[in-house]
Amino acid sequence: MSWKIIPLPEQAPATSGMADLPGVRLWYSDTGGDGPTVVLSHAHSGSADFWGYQQPVLTKAGYRVITYSRRGHGKSERGNETDFGFADVDLHNLVVTFLGVDKFHLVGVAAGGGIAIDYALSHPERLISLTIASSLIAVIDPEYVKLLSNLHRKDLTRNIPNYYIELSASYRAGNPAGTTEWIELEKLAVPGNIQHSGMISQRHTNKITWKAVESIKVPTLLMTGDADSYVPPSLLRLQASHMKHAEVLIISEAGHAPNWEQPEAFNAALLQFLRKKLNV
């Protein structure tokens with residue numbers, strides 16, 4: 001068999017709707033329950049719908065699972081067009097203030113990982129653990145920014161379809177139907193061609209430097225795919241060198257969306273990590 005096809009599982013029952021937050025209404029889904037809470041933060045090209053492989057698995061394992069779409073993604077509103085605010089503030093307003101969660105596990109993929117880092121700097125007391133997958137983590141140190149600009153040549157990639165960059169060649173060849181499904185979800189998640197459409201970019205509350213990252217003491221799991229063109233394994237190891245307490249995992253035959261491309265490996269690693277942190 002060239003590729004193990006994993007159909008999207010039936011989603012666990014959840015309460016969903018629009019949360020009225022300061023300055024914006026965001027769409028969310030909450031499975032509820034008395035288990036530890038896991039909050040899932042999506043990629044820049046995604047929405048809450050991209051966690052379809054994780055929501056039922058985590059719920060079955062005993063967790064309360066909250067997914068949401070950030071401003072301008074999925075069903076969420078854009079808010080004030082002159083000031084899109086801070087993504088970590090929206091996260092806090094949704095999870096802590098609106099849904100009443102005290103402490104939680106935070107999982108972020110790609111741009112959602114940068115937001116998770118920002119939140120960990122703002123509210124470390126709220127986090128049980130931090131999982132960052134395939135994320136550039138928003139560090140602004142000049143040498144790192146230069147490294148990324150050399151790695152991600154926008155002059156060469158601006159006309160390449162996003163799925164071709166984010167999904168690994170192995171996944172695209174092995175699962176054409178899954179690739180098509182990802183493309184359709186992206187169309188619903190973000191308007192137009194995300195490389196050129198003026199996508200919402202919210203500000204970070206904190207100045208995310210390597211020094212700031214090194215101050216994070218929340219238990220952390222860092223992951224990426226071995227074929228991730230944005231966050232290759234060497235870049236993940238650089239990040240890990242500044243988070244020496246973090247566990248590190250490279251997922252085989254996955255690109256920039258390991259939770260979608262290799263959900264079994266992603267879920268197994270995440271559950272093992274979460275259980276070690278709270279014995280659940």
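Just after helix α2, Gly100 takes a positive phi of about 75°. I should state at once that this is a predicted model, and I shall begin with the helix that precedes this glycine.

Helix α2 spans residues 87–98 and is mostly covered, with nine of its twelve residues buried. Which residues of α2 are buried? They are Ala87, Asp88, Asp90, Leu91, His92, Asn93, Leu94, Val95 and Val96. Please note that the list includes Asp88 and Asp90, and that aspartate counts as charged.

What do these buried residues pack against? Their partners are the strands β1 (15–21), β2 (24–30), β3 (37–41), β4 (64–68) and β5 (104–109), together with helix α3 (111–122).

I turn now to the internal spaces. Rolling a probe the size of a water molecule over the atoms shows where empty space is left. Searching the whole structure yields two cavities of 30 Å³ or more.

The largest cavity has a volume of about 120 Å³. Its lining comprises 13 residues, of which Ala43, Phe50, Val109, Ala257 and Asn259 are the closest to its centre. By character, the lining of this largest cavity divides into seven nonpolar residues, five polar and one charged.

The second largest cavity has a volume of about 30 Å³. Which residues line this second cavity? Trp27, Ser47, Asp49, Ser69, Gly74 and Lys75 do so. That lining consists of one nonpolar residue, three polar and two charged. Under the classification used, Trp is nonpolar, Asp and Lys are charged, and Gly is polar.

Methods. Residues are numbered from 1 along each chain as its sequence is written. This is a predicted model: local features need pLDDT of at least 70, side-chain atom pairs count only at pLDDT 80 or more; totals for chains, interfaces and linings use all residues. Side-chain values use heavy atoms; hydrogens and water are left out. On a 1 Å grid over the protein atoms alone, a cavity is a set of points where a 1.4 Å probe fits but cannot get out, and a pocket is an open set with protein on both sides within 12 Å along at least five of seven lines; lining residues have an atom within 4 Å of a point. Grid points are joined across faces, edges and corners, and a volume is the space filled by probe spheres set on the points. Buried means under 20% relative accessible area, exposed over 50%, partly exposed in between (1.4 Å probe, protein chains only). Helices (H or I, at least four residues) and strands (E, at least two) are DSSP runs, numbered from the N terminus. Contact means heavy atoms within 4.5 Å.
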